[in-house]
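Grab your viewer and work through the exercises below. Try each task yourself before reading its solution.

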Amino acid sequence: MKGNKKVLANIAVLMTILFWGISTSSNKIAIREVPPSTLALIRFIIASSILYILNKKLNPDVKVDKEDVPRMMLCGLVGVTIYFNFENYGVSLINAANATILLASIPLFTVLLDWIVFKKPIGLQKSIGIFLSIIGVICVIGNSLTINASYKEIIGTLLMIGAALSWATYSIISKKIDGKYPTIVLSCYQNLYGALFLIPFSLVEYKKWQPISLYTWSHILYLALICSALCYFLYLFALKNLGATSTNIYINLMPFVGIIAAYFMLGERLYPLQILGGGIIVLGVCIVNLEKQVKVEEVLATTEVG
């Protein structure tokens with residue numbers, strides 16, 4: 001039964017990375033008409049409403065303990081409000097492919113936080129996989145920041161790194177409660193609190209509000225229903241059954257998906273180094289997963305964070 005859950009968790013995180021890889025291009029399109037924080041607010045109002053209805057039907061008797069409410073709120077603040085303010089403003093300044101690439105630094109921050117907070121050791125084989133992933137990310141970035149570097153590129157890059165750090169932090173702080181409640185309960189309340197904290201940021205942008213076209217609404221609904229409502233559920237399920245570090249290793253696949261999506265959706269150019277880097281990233285993820293197959297007992301011990 002536990003083995004089946006791990007298989008499902010791996011499938012869940014792969015689906016999440018696919019949808020999230022595409023989401024950066026959808027974000028880029030939606031931001032043309034909707035300011036960054038307002039876009040995040042609309043997205044999570046829709047997502048949290050859907051999750052709330054589903055949660056009431058599936059878990060009508062499940063209540064969140066009072067002592068867990070502050071952590072739920074903190075998860076919403078860090079994993080939704082802070083993360084998406086960083087990401088959306090970052091995406092508005094740099095191209096979608098590079099924005100997705102920079103999010104691949106999430107596993108590096110996660111491993112570091114795991115080591116600092118939980119004293120969790122890093123095995124040799126996993127270290128090799130992570131190292132290869134770093135090389136892949138460097139290749140994917142290629143010469144874009146050196147040749148096309150500008151003030152906006154630099155600020156956008158820093159914002160995306162801030163997003164990566166905030167998501168890694170969210171992965172760590174959410175671990176304390178993700179085994180205590182059904183996954184949809186966590187998704188529902190974290191999205192809800194995140195939306196509430198986004199309200200003041202959105203109000204600051206009111207002068208930029210304008211009518212939203214049906215085309216942009218289609219991307220907003222994709223972001224809300226698929227990337228937030230569904231993917232938060234899938235991600236938390238994977239996090240619960242694989243652990244923070246193992247789950248976030250998959251984030252390294254996002255640049256590969258993001259580059260392809262940006263090419264087809266936005267017409268962004270594909271560079272040879274980006275394609276090479278995507279292949280190296282996939283290799284790094286495969287090496288990490290090979291460790292799971294060869295050393296099952298070791299992985300079962302290390303997938304429980306804290």
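Here are five exercises on this model, each with a worked solution.

This is a predicted model, where local features need pLDDT of at least 70, side-chain atom pairs count only at pLDDT 80 or more, and totals for chains, interfaces and linings use all residues. Residues are numbered from 1 along each chain as its sequence is written, and side-chain values use heavy atoms, with hydrogens and water left out.

**Exercise 1. Get the overall layout: how many helices and strands are in the protein chain?**

Step 1: take the DSSP runs, numbered from the N terminus, with helices being H or I of at least four residues and strands E of at least two. You get 14 helices and zero strands.

Step 2: check burial, where buried means under 20% relative accessible area, exposed over 50%, and partly exposed in between, using a 1.4 Å probe on protein chains only. Of the 306 residues in the protein chain, 55% are buried.

Step 3: look at contacts (heavy atoms within 4.5 Å). Among those with a separation of 6 or more, 92% join residues 24 or more positions apart.

**Exercise 2. Work out how H3 and H9 pack and what their contact is made of.**

Step 1: fit the axes as lines through C-alpha atoms, for helices over the stretch in contact, with angles from 0 to 180 degrees between N-to-C directions. Helix H3 (residues 69–91) and helix H9 (residues 183–203) come out at about 60°, with axes 7 Å apart.

Step 2: classify the angle. Under 35 degrees is roughly parallel, over 145 roughly antiparallel, 65 to 115 roughly perpendicular, and the rest oblique. H3 and H9 are therefore oblique to each other.

Step 3: list the contact. H3 contributes residues including Met72, Cys75, Gly76 and Val80, while H9 contributes residues including Tyr189, Tyr193, Gly194 and Phe197.

Step 4: sort by class, with Ala, Val, Leu, Ile, Met, Phe, Trp, Tyr, Cys and Pro as nonpolar, Asp, Glu, Lys and Arg as charged, and the others, Gly among them, as polar. The contact of H3 with H9 has 13 nonpolar, six polar and no charged residues.

**Exercise 3. Do the analysis again for H8 and H10.**

Step 1: helix H8 (residues 151–174) and helix H10 (residues 214–242) pack at about 60°, with their axes 11 Å apart. That makes H8 and H10 oblique to each other.

Step 2: the contact uses Trp167, Tyr170, Ser171 and Ser174 from H8, plus Tyr232, Tyr235, Leu236 and Leu239 from H10. By class, the tally is six nonpolar, two polar and no charged residues.

**Exercise 4. Count the disulfides, then explain why Cys227 is not bonded to Cys231.**

Step 1: apply the cut-off, a pair of cysteine sulfur atoms within 2.5 Å. The count is zero disulfides.

Step 2: take Cys227, whose closest cysteine sulfur, in Cys231, is 5.2 Å away, too far for a bond.

Step 3: check accessibility. Cys227 is buried at 0% relative accessibility, and Cys75 is buried with a relative accessible area of 0%.

Step 4: see what else touches Cys231. Thr16, in helix H1 (residues 2–30), touches Cys231, Leu234 and Tyr235, leaving aside residues up to four places away in sequence.

**Exercise 5. Place Glu268: is this residue buried or exposed?**

Step 1: find Glu268 in the loop between H12 and helix H13 (272–294). Just after H12, Gly267 has a positive phi of about 75°.

Step 2: Glu268 has a relative accessible area of 15%, so Glu268 is buried.

Step 3: list the neighbours. Skipping residues up to four places away in sequence, Glu268 touches Asn95, Ala96, Ala97, Ala262 and Tyr263. The C-alpha atoms of Glu268 and Ala97 lie 7.7 Å apart, with their positions 171 residues apart along the chain.
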